[in-house]
Amino acid sequence: MTAGPDTAVGNDKLAAMGKAPVFTPQDFDRLLEKGLPQAHRAGIRTKEMGHGTITLTMPVSDDLLRPGGTVSGPTMFALADVALYGAVLSMAGHIVLAVTSTMNITFLRKPPAKPLVAFARIVRMGRSLAYGEVTIHSEGEDDPVAHATGTYAIPKA
């Protein structure tokens, strides 16, 4: 069985297969710059990318804080959505018209006003839908500040 956008394969099996990402970190950062300029302007950048995984970083400025000096929920939601998009493209390739179908987020604790790190992984990749999860941490901290799950619709090529 081969892994790819038309195959339902779990991440453990993908890791064992040693698959490289189809979409590179540089490709994804260029896509953000040209296709999602609001994410690029927000400073979202790719730290690492694997087949079905991505780690993004995002600086936090004063305009992304809510009263009380914590990072706003919409900021973390946007980061989670972009991270899951990157994880999907790391497997599906240049299918940039993949779109969010569902996204749920749980805010776990108050994040301090410091950069965020999001790790996304694809749990199941099917022919037309990808399901994944995202964990968001404050930079340099182990405890997550948010956890999201979502489904992306993958259009036919």
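Which residues does glutamate 48 touch, not counting residues up to four places away in sequence? In this predicted model, glutamate 48 touches Ile54 and Thr55 when residues up to four places away are set aside. Glutamate 48 itself is found in strand 1, which covers residues 45-50, and a further relation in space links glutamate 48 to glutamine 26, since the two are 22 residues apart in sequence and 10.0 Å apart from C-alpha to C-alpha.

The setting for these contacts is a protein with 4 helices and 8 strands. Read from the N terminus on, the elements run α-α-α-β-β-β-β-α-β-β-β-β. Of the 157 residues in the protein, 43% are buried, and the protein exposes about 7,900 Å², of which carbon and sulfur atoms supply 54%. Among the contacts with a separation of 6 or more, 64% are made by residues 24 or more positions apart.

Threonine 55, one of the two residues touched by glutamate 48, has its place in strand 2, residues 53-58. With a relative accessible area of 10%, threonine 55 falls under the 20% limit and is therefore counted as buried. Apart from neighbours within four places in sequence, threonine 55 is in contact with Arg45, Thr46, Lys47 and Glu48, and also with Val117, Ala118 and Phe119. The residues Arg45 to Glu48 in this list can be placed in strand 1, given that strand 1 spans residues 45-50, whereas Val117, Ala118 and Phe119 fall within strand 6, residues 116-125.

The pairing of the strands can be followed outward from this point. Strand 2 and strand 6 pair in the antiparallel sense over 6 bridges, and within this pairing isoleucine 54, the other residue touched by glutamate 48, stands opposite alanine 120 in strand 6. Strand 6 in turn pairs with strand 7 in the antiparallel sense, over 9 bridges, and the two form a hairpin with 3 residues between them. Phenylalanine 119, which is one of the contacts of threonine 55, has threonine 135 in strand 7 as its bridge partner.

Strand 7, residues 129-138, also pairs with strand 8 in the antiparallel sense over 9 bridges, and here alanine 130 has tyrosine 152 in strand 8 as its bridge partner. These two strands likewise form a hairpin, with 5 residues between them, and glycine 140 in the turn has a positive phi of about 80 degrees. Strand 8, residues 144-153, is in addition joined to strand 5 by 8 bridges, and the two run antiparallel; in this pairing threonine 102 stands opposite threonine 151 in strand 8.

Strand 5 also takes part in the largest pocket, in which about 250 Å³ of space lies. Of the 17 residues that line this pocket, the closest to its centre are Leu36, Gln38, Ala78, Asp81 and Val82. At least two residues of the lining are supplied by each of helix 3 (37-41), helix 4 (73-92) and strand 5 (99-107), and helix 4 gives the most, with 5 residues. By residue class, the lining divides into 13 nonpolar, 3 polar and 1 charged.

How values were computed: Residues numbered from 1 in each chain as written. Predicted model: local features only at pLDDT ≥ 70, side-chain atom pairs only at ≥ 80, totals over all residues. Heavy atoms only, no water. Contact = heavy atoms within 4.5 Å. Buried < 20%, exposed > 50% of the residue type's maximum accessible area, 1.4 Å probe, protein only. Areas by Shrake-Rupley, 256 points an atom, 1.4 Å probe, with all protein chains shown as cover. 1 Å grid on protein atoms, 1.4 Å probe; cavity = no way out; pocket = protein on both sides within 12 Å on 5 of 7 lines; lining within 4 Å. Points joined across faces, edges and corners; volume = space filled by probe spheres on them. Nonpolar A, V, L, I, M, F, W, Y, C, P; charged D, E, K, R; others polar. Pairing = 2+ DSSP bridges.
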